[in-house]
Amino acid sequence: MTSKPAAGDDSEGETDNFLRMIELTHAGRAALARGEARSAIELLSEQHKLVVAEWGSDAIFSATSAVDLAEAYLACGDTPEAERLLEWALDRYQTLGVEDERFVRALSSHAMCAYLAADYPRAESRFIDLIERYRTLGTERDVERAMAMDHLAQAYVRQSNFEAAEPLLLEALAIFESQNVEASIVAICQGVLARVRFLTARYREAEQLQRKAIASYEACHDELNLAKELDHLGATLTMRAQSEEQPVLAQEAVTYGERAVAIFEKYYPANHYSVLGSKQNLARYQAANASIGKMFPNRTTSDGPEPHLPKGHPAVIAALANRSQQLCDNHDYESALAAADQARQHAQVFGRAGALDRLAFKQLIAVLRRYCSYLIGEPTGLLSPIESFMMQMRAHERRGIVEDEKTPLPAIEPATIAKLKNLLNEAVRLVGEACGFEWSAGDEPHEFASDLLEILHYARLVGVIDNDASVRQAFDVIQIYSYHGAAQGLASAAMQAVETGARRLLREEHRLAVLERDSLVRALIEAKDRTSASSAAARSAELPGLEQKIAAIELQLRDGHGLHERLFASRIPLEVAQVSLNSNEALVAVYVGTRAVFLVAARNSSIVFRRVEIEGGLVRSMCESIVKSATFSPGEDAPKFDLVAALRLNDLIFYPLRQFLDADFHLLLLTNGPLLALPMGCLVADSIQETENQTSAEQDSESAGTFGKDLEARFHERIRRLHGFHRWVNSRTIEEAQSAISARHGWLADRYRISLMPSFAPLATRSVEGNATIRRRAFLGMGDPALGSKQDARYPEMPETRRMLMALANAVGSDPVSDIFSGAAATIERLVELSESGQLAARSVVCFATHAVYPQDDDDLLADAGLLFADGEILQAFDVGNLRLDADLVLLPACFTASPAGRSITVPLSGLAQAFLVAGGRRLLVSHWPVEVGATERFIRTFAAAMKGSAQLVDALAQAQQQLRDSKEYAHPAFWAGFSLVGDGAAKLASN
């Protein structure tokens, strides 16, 4: 039996609860201060439950305990949960009218939450609000205000807005130094300011700040931050050494790099990304030291004034190019052309297509394009305020207009047309010359390529060249200036499929010889102490031997098909590409330029070239919006997918080609910039707008005809369609809208099967291999690794991945016992053993079904996405590049394996994806956003079954997406649309 409690027992229980809450609060905050975030979450979660139970969810104490708990989640990196708690707490404070220090503290954590989630625009607005609140609280809160300014500046740096970041950092640093705050806080601010100056090429200013930060870290014994800053100083000194020809600085950079490596090795295991990244940087410093030391052995540092520069000096050439730009901005195009032409004449003394020649050449093309735009009445670039306003109004009116070979020329005076034709004749000749340049990925010729395509469009418009010639040259330009590491990797993998081992060794010898030659040439033409052509020629005495060696190897590599030349060229001729196409296939090359999107499409017997007037920045914004609306974390509700942006982007890219590309076509798509971050199947191809009783046939009838005629009427018709679709979407739930689109087969994935092609060059192997097939050989799968201490909420066990691997092994007739490695067996060491023994190269289909990890911020020494293996080891891109693959298909069903998470979406495939192509993967299956493991398992199982049934890979992809799309559970595009095929998806398993 139980007795009735005495009257005083209730108060004693309340006292015990109160004391327990106080105890939990202090213990949780202490654990957080010690860096024990997981322990803090347990303590503060219990405290928050007690507080809410005792005082209710509307009490001030409940809001404050929620902020405590949110800060613990922030320390663990769980920003979604922290965001939820902080939103809840701020709502309670505002309801109760509380705006004291507790409210400001919640605002500060709320801003940090957005910053740590890499949502920098939102972080920016929150920090601005926080700074103003600190300002109103008086000078006693200056230190907190300075810290908020520091974080706001870092948000600006992440968005490359250095002009906004620098004054904030200077003011914050002044406050820190005047208030005698901790040395580590000052050092962090100095380091960020140094980074701004480094990224704006002010290396001496950056160096001074970095040395101060290093001294501060040494004073407070913060060795890990010291190692990071030593690494950064090494990079700065290397840049100074290269730009100022100072070997002493390069040697000093190596010393600092060695110190950084030693510190990281002291605290981390050998395979930790900090150790690996710092070693990689040290290797760069050592390479720079070796090359600079050979070029300028007797130079010493000097901070004195620059010597007098003679005519023809590289700095004079750069000054002429800058002068040309200034004249162009003032609409003095004739003088701008003369200055650019003079710069190029001087630059060619140092070698055609060298760094200086490219600088002058790009300026010459830019002036020609802007001059032609001016004569036609198009936007030219930098304008006066009134001109800018008028051009913006014009751009708004014409945005989305499609132009082709039948577009009428605007009303222009005959004399102007004659001038225009003269300019365009010269410009078209230069476009042909530009197609002969070999640009490296670092040149980033985005504006340049856009200018070349505009010139071709204008030349066709005024009749300087015919339509076929413009299409073929535009096709070349898009291929060349969309070329990057992924394209080279794909070409290498395609060549590997059809060449012998001896030829592979010969090709590697050729690659190394070219690298050596290019390094020598670059060092010669970029030297600032070059005073005459004769001295340049004297230093190039080593070149003839290298050129002879390269020519001899190239002669050996040539075969009857010219296969090597076609694969490793940055482009393939349009007529060659057309011959490789089947009757239900088309090539689509898309270039997102500065002022327009350019489209080239080819079937086996016809070609088109179209220009869509839309700013590249708007295309980027739409892509970002679509990706964001398909990105969410486990446990969250799926976000509202941006159907309107998906339709609008389709209207700009694929709708202009709708009459040229038949439904159910296989599209081999090459593109650039932000479109690479997007799986095209998620676009909305069927505008079921105003009412649902207008059929697709009626819409096609409306869209039939010539794009070049009635431009304004056609543009306003598209605007009406877009607005109608917007109303249609807003009149129903997102689930209803998605279901209706799926029911009408309205997604682009329903209309086309799409392969993402980093390069069209591998199509040359189609004529060698015949019908592309995946040889039914061995399979290798690695998944669900035993992560040891890394096995936590972020990286849980994934038994589903084992079932994925089993399905794939069954599809290719492999032995799952010997060909699947999971748990403790899924190690990098085992993978390397398989590679070195040649067993990995014997596998036709390879799958890595595990977690992906990403850089957390710009200071993270993890350079790109990586894959987790057993014991928490990370397989990074440079590790993959050393593997020996010969795979027809590599599947990477982890999150963000196509696009680096948290990085710019203009990156052309992640370094991880590029590395698998370089290592020998001819085709990849990759993801563009976070993937849910249950949906991914169902996707892979359906994909494997279709592949086993002899479906082409693009058909297997379409079937897997359709199966998810038709299910109620996975109908959201976040689940079914995230995967893309990289490489020729027309391949299928060979019959037994």
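## Salt bridges and overall make-up of a predicted model

The side chains of E334 and K419 meet in a salt bridge, with 2.8 Å from N to O. This pair links distant parts of the chain, since E334 lies in helix α15 (residues 333-347) and K419 in helix α18 (residues 414-434), 85 residues apart. The model is predicted, and what follows should be read with that in mind. The structure holds 50 salt bridges, and three of them are described here together with the burial of their partners and the general make-up of the protein.

**Exposure of the E334 and K419 pair**

- E334 has a relative accessible area of 40%, and because this value falls between the limits of 20% for buried and 50% for exposed, the residue counts as partly exposed.
- K419 is likewise assigned to the partly exposed class, with a relative accessibility of 30%.

**The R369 and D451 pair and its network**

- R369 forms a salt bridge with D451, in which the closest N and O atoms are 3.0 Å apart.
- The two residues stand 82 apart and link distant parts of the chain, R369 being in helix α16 (residues 355-376) and D451 in helix α19 (residues 446-462).
- R369 has a relative accessible area of 2% and is therefore buried, the limit for that class being under 20%.
- D451 also counts as buried, at 2% relative accessibility.
- Salt bridges with shared partners join R369 and D451 into one network that also takes in E403, E447, E454, R595, R611 and E613.

**The E207 and R240 pair**

- E207 and R240 form a salt bridge whose closest N and O atoms are 2.7 Å apart.
- Here, too, distant parts of the chain are linked, with E207 in helix α10 (residues 203-219) and R240 in helix α11 (residues 223-244), 33 residues apart.
- Both partners of this bridge, E207 and R240, are buried.

**Make-up of the whole protein**

- The protein contains 41 helices and 17 strands.
- Of the 992 residues in the protein, 54% are buried.
- When contacts between residues at least 6 apart in sequence are considered, 74% of them join residues at least 24 apart.
- The accessible surface of the protein amounts to about 41700 Å², and carbon and sulfur atoms account for 52% of that surface.

Conventions
Residues numbered from 1 in each chain as written. Predicted model: local features only at pLDDT ≥ 70, side-chain atom pairs only at ≥ 80, totals over all residues. Heavy atoms only, no water. Helix = DSSP H or I, 4+ residues; strand = E, 2+ residues; numbered from the N terminus. Buried < 20%, exposed > 50% of the residue type's maximum accessible area, 1.4 Å probe, protein only. Contact = heavy atoms within 4.5 Å. Areas by Shrake-Rupley, 256 points an atom, 1.4 Å probe, with all protein chains shown as cover. Salt bridge = Lys/Arg side-chain N within 4 Å of Asp/Glu carboxyl O.
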